[in-house]
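Good morning, and thank you for the time. I should like to guide you through one structure, region by region.

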Amino acid sequence: MPDAIPTDDDLRTLADDLGIRLRAGHHMLVTAESCTGGWIAKVVTDIAGSSEWFDCGMAVYSYEAKQAMLGVRPQTLEEHGAVSRETAIEMVSGALVHSGASIAVAVTGIAGPGGGAPDKPVGTVWIAWKRRGGYASADVFHFEGDREAVRRQTVARALRGLAEAAG
């Protein structure tokens with residue numbers, strides 16, 4: 001049975017918990033978002049006092065934006081596509097390079113309703129996390145539901161992963 005679709009209250013709770021962890025660890029967060037279009041940044045900045053632990057967010061939808069703002073290599077996009085482990089890793093690494101943050105998350109996926117393919121169906125999302133000075137990790141998810149549901153699940157999973165990475 002799939003997990004329940006996160007509500008606004010669920011996302012707020014996750015963001016609040018993340019803020020506590022980031023503040024305790026003296027971390028600053030950067031987000032690099034494609035399929036969520038800035039939703040992770042919106043959720044964390046809904047938390048009062050988030051300026052203590054949120055540096056910036058980048059909504060990078062196009063190939064050009066991923067290259068210009070995050071340094072994703074054209075070869076990576078050509079060989080693997082935007083929705084890939086390789087692109088997610090380059091996005092999260094580039095977010096740290098192009099910000100003053102110490103911890104980052106990057107998301108890239110197919111929220112639907114169109115855009116899917118047999119090898120990358122709608123609901124396929126790559127999420128990558130990285131701490132400055134550390135190695136990036138990335139996981140693929142296959143979320144169920146409509147565009148809103150896929151995006152909500154992506155935001156929630158990104159926040160949970162950040163909380164784990166923050167310690």
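Let me begin with a term: a residue is called buried when its relative accessible area is under 20%, exposed when that area is over 50%, and partly exposed in between. Please also keep in mind that this is a predicted model.

With that cut-off, we may turn to T31, a residue of strand β1. Is T31 buried or exposed? Its relative accessibility is 0%, and therefore T31 counts as buried. What surrounds it, apart from neighbours within four places in sequence? T31 is in contact with I40, A41, F54, C56, G57, M58 and V105. In addition, the side chain of T31 makes a polar contact with the side chain of E33, at 3.3 Å.

Strand β1 also appears in the next region, helix α3. This helix comprises residues 63-70, and A65, K66 and L70 are buried in it. Viewed down the axis of α3, these buried residues fall within an arc of 100°, so they line one face of the helix. The exposed residues E64 and A68 are carried on the face turned away from that buried side. Against which elements do the buried residues of α3 pack? The partners are β1 (29-33), β2 (54-59), α4 (74-80), α5 (85-97) and β3 (103-109). Just after the helix, G71 takes a positive phi of about 75°.

I now move to the loops, starting with the one between α1 (8-24) and β1, where H26 is found. With a relative accessible area of 73%, H26 is exposed. Its phi is near 55°, a positive value in a residue other than glycine. For context, most residues other than glycine have a negative phi, and most peptide bonds are trans. The second half of that remark bears on another place in the chain: a cis peptide bond, with omega of about 5°, joins G112 and P113. P113 belongs to the loop between β3 and β4.

The loop between α2 (39-45) and β2 contains E52. Setting aside residues up to four places away in sequence, E52 touches R23, H27 and M28. With R23 there is a polar contact between the two side chains, at 3.1 Å. E52 and L22 are 30 residues apart in sequence, while their C-alpha atoms are 8.9 Å apart in space.

A further loop, between β4 (124-131) and β5 (137-142), holds R132. Because its relative accessibility is 45%, R132 counts as partly exposed. Beyond its neighbours within four places in sequence, R132 is in contact with L96, S99, G100, A101 and S102. What does the side chain of R132 reach at 3.2 Å? It is the backbone oxygen of S99. From R132 to S50 the separation is 82 residues in sequence and 19 Å in space, C-alpha to C-alpha.

Finally, I come to the second largest pocket, which holds about 170 Å³ of space. How many residues line this pocket? There are 14, of which S34, Y61, V83, G109 and I110 lie nearest its centre. By class, the lining has six nonpolar, six polar and two charged residues.

To close, let me return to two points. T31 in strand β1 is buried at 0% relative accessibility, and β1 is among the elements against which the buried residues of α3 pack. Thank you for your attention.

Note on methods:
Residues are numbered from 1 along each chain as its sequence is written. This is a predicted model: local features need pLDDT of at least 70, side-chain atom pairs count only at pLDDT 80 or more; totals for chains, interfaces and linings use all residues. Side-chain values use heavy atoms; hydrogens and water are left out. On a 1 Å grid over the protein atoms alone, a cavity is a set of points where a 1.4 Å probe fits but cannot get out, and a pocket is an open set with protein on both sides within 12 Å along at least five of seven lines; lining residues have an atom within 4 Å of a point. Grid points are joined across faces, edges and corners, and a volume is the space filled by probe spheres set on the points. Ala, Val, Leu, Ile, Met, Phe, Trp, Tyr, Cys and Pro count as nonpolar, Asp, Glu, Lys and Arg as charged, and the others, Gly among them, as polar. Buried means under 20% relative accessible area, exposed over 50%, partly exposed in between (1.4 Å probe, protein chains only). Helices (H or I, at least four residues) and strands (E, at least two) are DSSP runs, numbered from the N terminus. The arc is that of the directions from the helix axis to the C-beta atoms. Contact means heavy atoms within 4.5 Å. A polar contact is a pair of N or O atoms within 3.5 Å; within protein, one must be able to donate a hydrogen and the other to accept it, and residues adjacent in sequence count only if both atoms are side-chain atoms.
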